[in-house]
Amino acid sequence: MIKGEDKTMKCHFTVQEAAEYMNTTVRFVRRLIAERRIPFHHIGRHVRLKRSDVDAFIDAGRVAAITRATFWGTA
């Protein structure tokens, strides 16, 4: 880690760090990797996930709030 660098602003995560970042289990992250649902990098025998890829996965799962107009189908 570079001196003065904030650990929360890491560019790549380990599987454990990605699980902590997404507030989920390591098993879930490993399943995402095995099912190729999230991009990852092999560095030797290590697996790393790019922070922007993790953020994109989270954003892709976003569900918009329902409004009165969308509820009644008048939108």
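**Reading contacts and burial around V54, V47 and D53**

Colleague: Which residues does V54 touch, not counting those up to four places away in sequence?

Modeller: Contact means heavy atoms within 4.5 Å. On that basis V54 touches F13, Y21, M22, I38 and L49. This is a predicted model, in which local features need pLDDT of at least 70, side-chain atom pairs count only at pLDDT 80 or more, and totals for chains, interfaces and linings use all residues. Residues are numbered from 1 along each chain as its sequence is written, and side-chain values use heavy atoms, with hydrogens and water left out.

Colleague: Which residues make up the largest nonpolar core?

Modeller: In soluble globular proteins, nonpolar side chains tend to be buried together. A nonpolar core is a set of buried Ala, Val, Leu, Ile, Met, Phe, Trp, Tyr and Cys residues joined through side-chain atoms within 4.5 Å; buried means under 20% relative accessible area, exposed over 50%, partly exposed in between (1.4 Å probe, protein chains only). Here the largest such core has 12 residues: F13, V15, A18, A19, M22, V29, L32, I33, I38, V47, L49 and V54. Helix 1 (15-22), helix 2 (26-34) and strand 3 each supply at least two of them, and helix 1 gives the largest share, 4 residues. Helices (H or I, at least four residues) and strands (E, at least two) are DSSP runs, numbered from the N terminus.

Colleague: Is V47 buried or exposed?

Modeller: V47, in strand 3 (residues 46-50), counts as buried because its relative accessible area is 18%. V47 and F13 are 34 residues apart in sequence and 8.6 Å apart in space, C-alpha to C-alpha.
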